Structures are given as structure tokens and as C-alpha cells.
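Let's take a walk through this protein together. Keep the 3D view open and turn it around as you read.

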Amino acid sequence: MTKQPWYTSGLVLGLVMGLLLTACVAPPPPAAAPATGSDVGSAGGGVLNLLCTPQVEWCEGMKAEFERVNPDITVNFVRLSSGEALTRLRNEKDNPQFDIWWGGPIDSFIAAKQEDLLEAYDSPNLANLINPDLMKDPDNFWAGVYVGSLGFATNKNWLDEHPDVEPPTSWDDLLNPEFDGQIMVAHPSSSGTSYTAMCTVLQLKGEAAGWEYLREYAGQVLQFTKSGAAPAKFVGQGEAAVGLVFSHDIVAEIEKGSPLALSFPAEGTGYEIGGMAIIKGAKNLDAAQKWFDWALEPATQELGPKYNAFQAPTVQGAAASRPELLEVTLIDYDFDYCGSNKKDFVDRFTNELASDENLKE
Ligand code: PLP
């Protein structure tokens, strides 16, 4: 039986979850075919056009798993980071090419709901959610499909070469002179991971001090990346000393053999609820509802580690593969505040602190 996770109570200060599962590592799959908007699959059956925001390996795995239990449906997916996905949905509003969006922090789903880009769906499996107040939209426009905390990844070889330096254990440590030009993080305009980090700081410090902090933090960054998880890979390769990434993505890189030390800010870190929503005007609504229901089943949510994904589940009866990643001090992240202000905060960051041109792929 699964122990009750911390998020059952609604809010969040480093409590205990149970059960470890064994991870298994698979090689990255080839990129998937783009969505077509057609409702006819290659085998003559139905099609589902999926906008997929987690790492491509997990997207490819979920596609295969869904097609196995729904052999009459072909899933076409495109992998886009959260900000890119939101821009795409805005641009396609009058002729939506995707049926469902799966993954990426719910801040972007809250923004998408406000822009009338989503379709409500009262799935029977919403009843499986551990904490419906936290993990679904009150009007059923989106539901949570995983949970994860932000962490710091430090290259162990760099630490060996700098014996006086410890891995960062507070947000302020990122501003230390030894990390000048040594930080790697995604840009909040393209990445939900990076936006979660930015909005964490604005909540922890308040907006005035938070923006001042972000100005200094942007000055420490060697290179902004497009995707949220990429800094873990680049820091593992020694391109910078420290990456700011979701902790499950750091674990995924460690599982692949990267020399990374994982640490957390002691004063509190931000966390994400990864979202899922049907797109308004979806051309393949039945298939989208099937995916939505399926993604909220415990067996589906336990598939992650098979595809090197270590996020915690959102449904009862599914065991967390790495419960320790949520046994840290988490802030009381205000998803409505961050979702409602996403466009303004990202525009301010981009216009005043760091441009989103030439992001590292
Ligand atoms: N990839 C992984 C593995 C994630 O855990 C998440 C978090 O939701 C994302 C991607 C989000 O993507 P991005 O930060 O690129 O928007």
C-alpha cells in the first residue's frame, strides 16, 4: 500500500512520502512526427495530436504505452517547452492543431485557461487525484499529472577543482562570486522550469527584493537554454558549474552517469504540478478524453521511471519513485499568482534583464 504523500494536506513544508521504485534507463528515442490536425491515422483508425512538454524520451514512451492499450489510435506528438507550447496554442487558436497538452508546470495551463485556449473536461478519473483542491482547475480545464521540486545540480569535477566551494544550499549562494558566469538555467520565456524558479524567488523575497535578486542572478548566468531540463545535461558535461533544474531531471542525468551533486535551497524551493488539458476546438475529442482518463490512472503514473522520469504521481494508489525529492522544504507556491502574472513577469524579465534570443538548444 502507498503511504499518504505530503500534498494530501494541501500545503507543504517538507513532509514524508514512502516507497522507492527501481529506475530503468532507456536510450533517447528518435523525434516523433509532427501533429497533422487530421483525424485519420496511418492505420486508418483514429488520431491523437499531442502537445508534449516533458522530455522527449517520456513523450515517446507514453505514446507507445497509450497506443498499446488503444491500438486503433495513432498518437502524433510534438515536444515543446512550456512557453513555446503556449505561444503555439495562441497562434493556432482559430484552427487548433493539437487535441491535448500533457506536461509542464500548471502556471502555463492557468495562463492558457485565462486566454480561452482550453476545453473543460469532467473526467471520471479526476476522482483519483490525491488533492483535488491543489491538483485540478476548479472548472476542470486542467488536471495535474505529476509533481516535482526545483533543485541545484553542481558538477562534481568542478567541485574537485575548487575545493573551497560547496554546492549551493540557498538562493543567495547562486550570487556568490565563485559562481559568476558559472550558472546555467533555461530562459523563462521558453521554459516552465525557469518560470517556476523565477516565481519562487518573487514569492520568497517579495516582488521588490525579488526583482533585484533576479537582476543579479541573470548576471551570473553563463548561458540561458531553451528547455528546462537542458542545464542538467550541460552542467554534467562540464559546460558550467551549477544548473537550476527540476530535481527529478537532475536525478535522470545522474542515472545516465553524469557527475552531478544534487542540493536544495534550505529556506525553501519551488515546486511544480505538471498539468494536462484538452485544447479548445480539439478535432479528435474522443481520443483526447481517452488520453486524459488514462493519464489519471495509477498504473499510467507509475510508468515514468521506465522512461527515466522521476516526477511524483498525483493520483492515489501510485507510488513515487523518488519520494525524497519532495522531502525537502517547499514554499507554499501560489499557482494562481504565478499563472495569472506569467506574461507580465516573463515580458519584464526578457525586456529588462535578459533577452530570449540565441537560447542554447
Ligand atoms: N522536461 C521535464 C523532464 C520536466 O520535468 C519538465 C517539467 O515540467 C519540463 C520538461 C518542462 O519543460 P520546460 O521547462 O522546458 O518548459
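Start with the ligand, which has 19 residues around it in this predicted model. Closest of these are Ser81, Tyr146, Thr193, His248 and Glu272. Now zoom in on some side chains that put a polar atom close to an oxygen atom of the ligand. Here are three of those pairs:

| Side chain | Distance to an oxygen atom of the ligand |
|---|---|
| Ser81 | 2.6 Å |
| Ser191 | 2.8 Å |
| Gln311 | 2.9 Å |

For Gln311, the side-chain atom in question is an N or O atom. How much of the ligand does the protein bury? On its own, the ligand would expose 390 Å², and the protein buries 99% of that.

Next, find two pairs of helices. The first pair is helix 1, residues 56-69, and helix 10, residues 285-295. Their axes come within 11 Å, and they cross at roughly 105°. Angles from 65 to 115 degrees count as roughly perpendicular, so that is the word for how helix 1 and helix 10 sit relative to each other. On the helix 1 side, the contact is made by Met62, Lys63, Glu65, Phe66 and Val69. Helix 10 brings Ala287, Lys290, Trp291 and Trp294. Sort the residues of this contact by class and you get six nonpolar, three charged and no polar ones.

The second pair is helix 6, residues 192-205, and helix 13, residues 342-353. Here the axes are 11 Å apart and the packing angle is about 95°. Helix 6 and helix 13 are therefore roughly perpendicular too. Which residues of the two helices meet? From helix 6 come Tyr195, Met198, Cys199 and Leu202, while helix 13 offers Lys342, Phe345, Val346 and Phe349. What classes do they fall into? The contact of helix 6 with helix 13 has seven nonpolar residues and one charged residue, with no polar ones.

Notes
Residues numbered from 1 in each chain as written. Predicted model: local features only at pLDDT ≥ 70, side-chain atom pairs only at ≥ 80, totals over all residues. Heavy atoms only, no water. Axes fitted to C-alpha atoms, helices over the stretch in contact; angles between N-to-C directions. Helix = DSSP H or I, 4+ residues; strand = E, 2+ residues; numbered from the N terminus. Parallel < 35°, antiparallel > 145°, perpendicular 65-115°, else oblique. Contact = heavy atoms within 4.5 Å. Nonpolar A, V, L, I, M, F, W, Y, C, P; charged D, E, K, R; others polar. Near = heavy atom within 4 Å. Polar contact = N/O pair within 3.5 Å; in protein donor to acceptor, adjacent residues only side chain to side chain. Areas by Shrake-Rupley, 256 points an atom, 1.4 Å probe, with all protein chains shown as cover.
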